[in-house]
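Subject: Structure handover

Hello,

Here is the structure I promised to pass on. Please open it alongside this message; my notes follow below.

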Amino acid sequence: MKSSEEIKKIAKKCIENEVEEINSLIPRIDNSFVEIINILYKTKGRVIFSGIGKSADIARKIVATLNSTGQPSIFLHAADAIHGDLGNIKKEDIIVIISNSGNTDEIKNLLPLIKNMGNQIISMTGNINSHLALESNYVIDVGVSKEACPNNLAPTTSTTVQLVMGDAIAISLLACRDFTDKDFARFHPGGSLGKKLNIRLSDLKIQMTNPKVSKDTLIKNIIIEISKNRVGATVVIDNNFIEGIITDGDLRRAIEDENDFFSLKASDIMTEKPMIIEIDCLAFDALRYMQKNNISQLIVTENKKYIGIIHIHEIIKKGIV
């Protein structure tokens, strides 16, 4: 068993090696890379990634990233391809094959079949003199000087570099398409990320109550209105105009400051010019607004008309955070 210091030293060295190899990719982002991005951007078909072994795992991850950012892409295992799955390939598709050595038998067997179908081949390989590289239309060099593995055997640095190059491709394509957060939301409707980008206050309208009092409402009735609606606040309305808000905190401060508490009116204790948000805003933006201003409720309006109060707990319960 290694000592604590030895383990930390080994882990740090691994990370240092991989960072060094990642940095070596930067000079390889040249005009050839730009040409590849343009080809992928303009394709009418899909981008099909293929590989074998650990490179296949990386190919799957890149496919997932591309699909999530609006670039239609599928994974085709090199071994399965030669046993019937070639039928997935359409003539408009572009094939990207990932292989560190570029000389595995499965890749060699696959290449002539794809070429006979007339599809363009882009290779992502650690050996630019390999069979794969020589048979490809375009080559992306992802070679590394050594693996992080002390025996220089287990795919570590090489797969990390493949993944980073895949991200560079995906983000370049995303930028070319001017992909926005709204586009991202369309492809991520589930989970907390999707909820952040999709759920609007209008979707929470059923959770809202609309407590309201007039400026002349006495404190007793203000308390009743706040208690009845259970959002810890009520809006003060005058001639259909929002004059202010009264919260539980305002009531507590009024008790502390006034001897004749029950003679107070809404106009005596309300907070004027309250914070208001429109109902078509994202719930996540409303949440951030409340957190930034250290408040628990927001007045919600639709075309400046009072709709109700949204409490921070109702947003949190939707699983946005």
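The crossing of H1 and H7 is right-handed. This is a predicted model, so please read everything here as computed. Helix H1 covers residues 4–23, and helix H7 covers residues 157–176. Their axes lie 9 Å apart and meet at an angle of about 45°. That angle makes H1 oblique to H7, because only angles under 35 degrees count as roughly parallel and the roughly perpendicular range is 65 to 115.

Which residues make the contact? H1 supplies Asn17, Glu18, Glu21 and Ile22. H7 supplies Thr157, Thr160, Val161 and Val164. The mix is three nonpolar, three polar and two charged residues.

The second item is helix H10, residues 219–229. Its buried residues are Ile219, Ile222, Glu225, Ile226 and Asn229. Why do they fall on the same side of H10? They cover an arc of only 120° around the axis, so they share one side. The face turned away from that buried side carries Lys220 and Lys228, both exposed.

What do the buried residues of H10 pack against? There are strands and helices on the list:
- strand E6 (212–213), strand E7 (233–238) and strand E8 (241–247)
- helix H11 (248–257) and helix H12 (266–269)

One last point concerns the residue that follows H10. Arginine 230 comes after the helix, and its phi is positive, near 60°.

Best wishes

Technical notes
Residues are numbered from 1 along each chain as its sequence is written. This is a predicted model: local features need pLDDT of at least 70, side-chain atom pairs count only at pLDDT 80 or more; totals for chains, interfaces and linings use all residues. Side-chain values use heavy atoms; hydrogens and water are left out. Axes are lines fitted to C-alpha atoms, for helices over the stretch in contact, and angles run from 0 to 180 degrees between N-to-C directions. Helices (H or I, at least four residues) and strands (E, at least two) are DSSP runs, numbered from the N terminus. Angles under 35 degrees count as roughly parallel, over 145 as roughly antiparallel, 65 to 115 as roughly perpendicular and the rest as oblique. A crossing is left-handed if the near helix is turned anticlockwise from the far one by less than a right angle, and right-handed if clockwise. Contact means heavy atoms within 4.5 Å. Ala, Val, Leu, Ile, Met, Phe, Trp, Tyr, Cys and Pro count as nonpolar, Asp, Glu, Lys and Arg as charged, and the others, Gly among them, as polar. Buried means under 20% relative accessible area, exposed over 50%, partly exposed in between (1.4 Å probe, protein chains only). The arc is that of the directions from the helix axis to the C-beta atoms.
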